[in-house]
Each structure stands twice: as C-alpha cells, then as structure tokens.
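Ready for a few exercises? Keep the sequence and the model side by side, try each task, and then go through the solution.

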Amino acid sequence: MNFLKELSSISELTKREKDALKAINNLYDRLKYSPTVQEIADEMGLSSKSTAFRYIQGLEEKGYLERKESSPRALRVIRHVK
C-alpha cells in the first residue's frame, strides 16, 4: 500500500479506535487467538463491553477488522496501525 494512502487511512480512526486495534493486536500476540469483547474491554481499561463493541464495529466499518457474528472469538485484523 502507498505510504500516503496508509497515512490518510490511519487518520480516519479516532484515538480510541486506534487504542482498540492495538489492544486487539496485543491480546492476539499474547493469547495466540482472537480475543473476546470482554478481554478487549479489560485490556483497554473499560468497564463496559458495549463501549468496546462500538469500537470494534467502527473498526469493522472502516475496514480494519472482519468479524464473524456467530463466534465470540472471530475477529481478524485486516489493516494494522503502528
């Protein structure tokens, strides 16, 4: 991917969406499988799973994640943020 295009796509994420994506990557590196919404919320220091889920939905809508609705551990990171 073109560096400038990558830079512009990164700017479309909010700070908390970037934090969520980094949390998902960190958890995946530690667990070696996709984290649950609760694990993501805990990693981000959130008390609400629904807030973490909103970040996940935003990342999915912006093309950073793919999610299978039938499984709690079915997140796949498509694009990364450094």
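**Exercise 1. Find the buried residues of helix α2 and say what covers them.**

Solution. Remember that this is a predicted model. Start with the list: the buried residues of α2 are E17, A20, L21, A23, I24, N25 and L27. Next, look at what lies over them. The cover includes α3 (37-44), α4 (49-61), β1 (65-67) and β2 (75-77). Now check the helix itself. α2 runs over residues 15-31, so counted by the 1.5 Å a residue rule, its span can be compared with an expected value. Its 17 residues reach 24 Å from the first C-alpha to the last, close to the 24 Å expected. Finally, step past the end of the helix: K32 follows α2 and has a positive phi, near 70°.

**Exercise 2. Decide whether E17 is buried or exposed, and find the residues it touches.**

Solution. First, place the residue: E17 sits in helix α2. Second, apply the cut-off. Buried means under 20% relative accessible area, and E17 counts as buried because its relative accessibility is 8%. Third, look for side-chain partners: E17 and K62 are joined by a polar contact of 2.8 Å between their side chains. Last, collect the neighbours. Leaving out residues up to four places away in sequence, E17 touches E12, Y55, G58, L59 and K62.

**Exercise 3. Stay in α2 and work out which residue the side chain of D19 meets in a polar contact.**

Solution. Begin with the position: D19 is also a residue of helix α2. Then look at its side chain, which makes a polar contact of 3.1 Å with the side chain of R16. Now jump along the chain to Y55. D19 and Y55 are 36 residues apart in sequence, and their C-alpha atoms are separated by 9.2 Å.

**Exercise 4. Work out where the buried residues of α4 sit around the helix axis.**

Solution. List them to begin with: T51, A52, Y55, I56, G58 and L59 are buried in α4. They span an arc of only 160° around the axis, so they lie on the same side of α4. Turn to the other side of α4, and you find R54 and E61 exposed. What do the buried residues of α4 pack against? They pack against α2, α3, β1 and β2. As for length, the 13 residues of α4 reach 18 Å from first C-alpha to last, close to the 18 Å expected at 1.5 Å a residue. After the helix comes G63, with a positive phi near 85°.

**Exercise 5. Compare the burial of Y33 and T36 in the loop between α2 and α3.**

Solution. Take Y33 to start with; its place is the loop between α2 and α3. Y33 counts as partly exposed because its relative accessibility is 39%. Now take T36, which is in the loop between α2 and α3 too. T36 counts as buried because its relative accessibility is 18%. Then look at neighbours, not counting residues up to four places away in sequence. Y33 touches L27, Y28 and R73, while T36 touches P72 and R73. One more check on Y33: its C-alpha atom and that of A74 are separated by 8.9 Å, with their positions 41 residues apart along the chain.

**Exercise 6. Find the largest nonpolar core and the element that gives the most to it.**

Solution. Step one is the core itself: it has 18 residues, and those with the most contacts inside it are L21, I24, I40, M44, L59 and L65. Step two is to sort by element: α2, α3, α4 and β2 each give two or more residues to this core. Step three is the top contributor, α2, with five residues. Step four is to zoom in on L65. Not counting residues up to four places away in sequence, L65 touches L21, I24, I56, L59, E60, L75, R76, V77 and I78.

**Exercise 7. Step back and describe the whole chain.**

Solution. Count the elements: the chain has four helices and two strands. Read along the sequence, they follow the pattern α-α-α-α-β-β. Next comes burial: 35% of the 82 residues count as buried. Then the surface: the chain exposes about 5300 Å², with carbon and sulfur atoms supplying 51% of it. To finish, consider contacts with a separation of 6 or more: residues 24 or more positions apart account for 50% of them.

Methods: Residues numbered from 1 in each chain as written. Predicted model: local features only at pLDDT ≥ 70, side-chain atom pairs only at ≥ 80, totals over all residues. Heavy atoms only, no water. Buried < 20%, exposed > 50% of the residue type's maximum accessible area, 1.4 Å probe, protein only. Contact = heavy atoms within 4.5 Å. Arc of directions from axis to C-beta. Polar contact = N/O pair within 3.5 Å; in protein donor to acceptor, adjacent residues only side chain to side chain. Areas by Shrake-Rupley, 256 points an atom, 1.4 Å probe, with all protein chains shown as cover. Core = buried A, V, L, I, M, F, W, Y, C linked by side-chain atoms within 4.5 Å.
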